[in-house]
Amino acid sequence: MAKQKIFIVEDEADIRELLEYSLEREGYEVESAPEGVSALARIRRKVPDLILLDLMLPGLDGLEICRRLKQDDATRGIPIIMVTAKGEEADVVLGLGMGADDYVPKPFSPKEVAARVKAVMRRSVLDAATDEKRVVARGLLEVDPTRHKVSVAEEEIPLTATEFRILHFLAARPGRVFEREQILSFALGPNTIVTDRSVDVHIRAIRKKLGEHRDLIETVRGIGYRFSEATG
Ligand code: CA
């Protein structure tokens, strides 16, 4: 199974390195940035599974970053854990109101952070599971998991079970780019035995069946695929 990815936004180098080091040791793939502008760009380009967000930052502060992440379809679903200093209790309340999942007050122990990360990740997987039953409607496309039916402009499109799961997974998260590995582990489950290449085969088959709506699934060169944000 692909490693889960964590993105850290923290301006203090020693804290950033401590977090990186301890989370990598827990088996996560970790990236980081010292400020918000580059962090937002990188998070959007390669969506992580969780964000650790310091609130007190130069330039964009943590709350503003949180607001922008939650306003954007591509990043809205990423769980956020705020990292807070003493005296920021009011900001914590605001952040949770905006949709942040949890917070860790400084000073923290790496163990404590790892435990919170694990708990929030677990919750997020459960949320994704309830998502699996949700009808997704994007423009003319409708994907109904309980009836296992896909239609474009009310015309039914026959998909295999695997094609269906991939399309539903992507369509439920428009604008988010997923690597092939992520598509495999999230859409098909961690125990599926398929190669990266087979994702391409499935995508090609789905596009063929979508016909003139084939562009709903976009290729992001060097990374993977995303479902179009345009609802046409
Ligand atoms: Ca800081």
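Below, a colleague and a modeller talk through the terms used for this predicted model.

Modeller: Ground rules: local features need pLDDT of at least 70, side-chain atom pairs count only at pLDDT 80 or more, and totals for chains, interfaces and linings use all residues. Residues are numbered from 1 along each chain as its sequence is written, and side-chain values use heavy atoms, with hydrogens and water left out.

Colleague: What makes the chain as compact as a globular protein of its length?

Modeller: The globule rule (2.2 Å times the number of residues to the power 0.38) gives 17 Å for 232 residues, and the radius of gyration, taken over C-alpha atoms, is 19 Å; that is close, so the chain counts as compact as a globular protein of that length. The C-alpha trace spans about 55 × 35 × 30 Å along its principal axes.

Colleague: Which residues of α2 are called buried?

Modeller: Buried is under 20% relative accessible area, exposed over 50%, partly exposed in between, with a 1.4 Å probe and protein chains only. In α2, residues 36-45, Gly 36, Ala 39, Leu 40 and Ile 43 are buried.

Colleague: How do you know that they line one face?

Modeller: Take the directions from the helix axis to the C-beta atoms: the buried residues fall within an arc of 95°, so they line one face of α2. The face turned away carries the exposed Val 37 and Arg 45.

Colleague: What covers the buried residues of α2?

Modeller: With contact meaning heavy atoms within 4.5 Å, the cover includes β1 (5-9), β2 (29-33), β3 (50-54) and α3 (62-71).

Note on methods. Helix = DSSP H or I, 4+ residues; strand = E, 2+ residues; numbered from the N terminus.
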